[in-house]
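This report describes the side-chain pairings, the nonpolar core and selected surface features of a single model. The sequence and structure are shown first, and the description follows.

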Amino acid sequence: MKKTSGWVEVVEKVKTDMEETVRREGETAAFELGLYDLHPEILRLMGRLKFRTSYGQNVLNHSKEVAFLAGIMAREIGLNGHVAARAAFLHDIGKAID
């Protein structure tokens, strides 16, 4: 019987660590924007965007910037800034799905 190396354990450890990082990134981004009511699966998908680029820009950072600006603009014209920020934050979520 062939003796297996520690590669299987290493791969599983990296997968676990990466999932934790992705989850944490999504939660942190939402927290920074004051979006406390997002589903954990949405947060996981948004966290995946930290590792994606579009036209040379990090997609998670782009989503945060768009959300911040949308919230400001909405409040300036008397609309609900929270709703605008939430929608803007999620506008590129499809890029996280393979």
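## Salt bridges

In this predicted model, Arg 86 and Asp 37 are joined by a salt bridge between their side chains, with 2.7 Å from N to O. Arg 86 belongs to helix 4 and Asp 37 to the loop between helix 1 and helix 2, so the pair ties together parts that are 49 residues apart in sequence. Arg 86 has a relative accessible area of 27% and is partly exposed; Asp 37, with 48%, is likewise partly exposed.

The structure holds 10 salt bridges. Two further examples lie within helix 1. Glu 12 pairs with Lys 15, the closest N and O atoms being 3.9 Å apart. The cut-off for a salt bridge is a nitrogen-to-oxygen distance within 4 Å, so a separation of this kind is still counted. Because Glu 12 and Lys 15 are 3 residues apart in helix 1, about one helical turn separates them. Lys 13 and Asp 17 form another salt bridge, at 2.9 Å from N to O. These two residues are 4 residues apart in helix 1, about one turn of the helix.

In addition, a network of salt bridges links Glu 20, Arg 23, Arg 24 and Glu 27.

The table lists the salt bridges described individually above.

| Salt bridge | N to O distance |
|---|---|
| Arg 86 and Asp 37 | 2.7 Å |
| Lys 13 and Asp 17 | 2.9 Å |
| Glu 12 and Lys 15 | 3.9 Å |

The accessibility of the helix 1 partners can also be stated. Glu 12 is partly exposed, at 42% relative accessibility. Lys 13 has a value of 49% and counts as partly exposed, and Asp 17 falls in the category of partly exposed at 36%. The value for Lys 13 can be read against the cut-off, since a residue counts as exposed over 50% and as buried under 20%.

## Nonpolar core

The largest nonpolar core contains 17 residues, and those with the most contacts inside it are Ala 30, Leu 38, Leu 49 and Phe 89. At least two residues of this core come from each of helix 1 (7-33), helix 2 (40-48), helix 3 and helix 4 (81-89). With 4 residues, helix 3 gives the most to the core.

What does Leu 49 contact, leaving aside its neighbours within four places in sequence? Its partners on this basis are Asn 58, Val 59, Leu 60, Ser 63, Asp 92, Ile 93, Lys 95 and Ala 96.

Within helix 2, the buried residues are Leu 43, Leu 45, Met 46 and Gly 47. Helix 1, helix 3 and helix 4 are among the elements that cover these buried residues of helix 2.

## Approaches between distant positions

Glu 41 is located in helix 2 and is partly exposed, with 36% relative accessibility. Its C-alpha atom is separated by 8.7 Å from that of Arg 23, although the two residues are 18 residues apart along the chain. Arg 23 is also one of the members of the salt-bridge network described above.

A second such pair involves Ala 87, which is part of helix 4. Ala 87 has a relative accessible area of 49% and is therefore partly exposed. Between the C-alpha atoms of Ala 87 and Ala 70 the separation is 8.7 Å, the residues being 17 residues apart along the chain.

## Aromatic pair and nonpolar surface

A pair of aromatic rings is described by the distance of the centres and the angle of the planes. The structure holds 1 aromatic pair. This pair is formed by Phe 31 and Tyr 36, at 5.6 Å centre to centre and with 65° between the planes, and is edge-to-face. The assignment follows because planes over 60 degrees apart count as edge-to-face. Are the two partners buried or exposed? Phe 31 counts as exposed at 55% relative accessibility, and Tyr 36 counts as exposed at 61%.

On the surface, a nonpolar patch is made up of Phe 68, Leu 69, Ile 72 and Met 73, which together have about 410 Å² of accessible area. Phe 68 lies in helix 3, which spans residues 59-76. With a relative accessible area of 52%, Phe 68 is exposed.

Methods:
Residues numbered from 1 in each chain as written. Predicted model: local features only at pLDDT ≥ 70, side-chain atom pairs only at ≥ 80, totals over all residues. Heavy atoms only, no water. Phe/Tyr/Trp six-rings, centres within 6.5 Å; stacked < 30°, edge-to-face > 60°. Buried < 20%, exposed > 50% of the residue type's maximum accessible area, 1.4 Å probe, protein only. Patch = residues over 30% accessible without salt bridge, like charges linked within 9 Å, V, L, I, M, F, W, Y side chains within 5 Å. Areas by Shrake-Rupley, 256 points an atom, 1.4 Å probe, with all protein chains shown as cover. Core = buried A, V, L, I, M, F, W, Y, C linked by side-chain atoms within 4.5 Å. Contact = heavy atoms within 4.5 Å.
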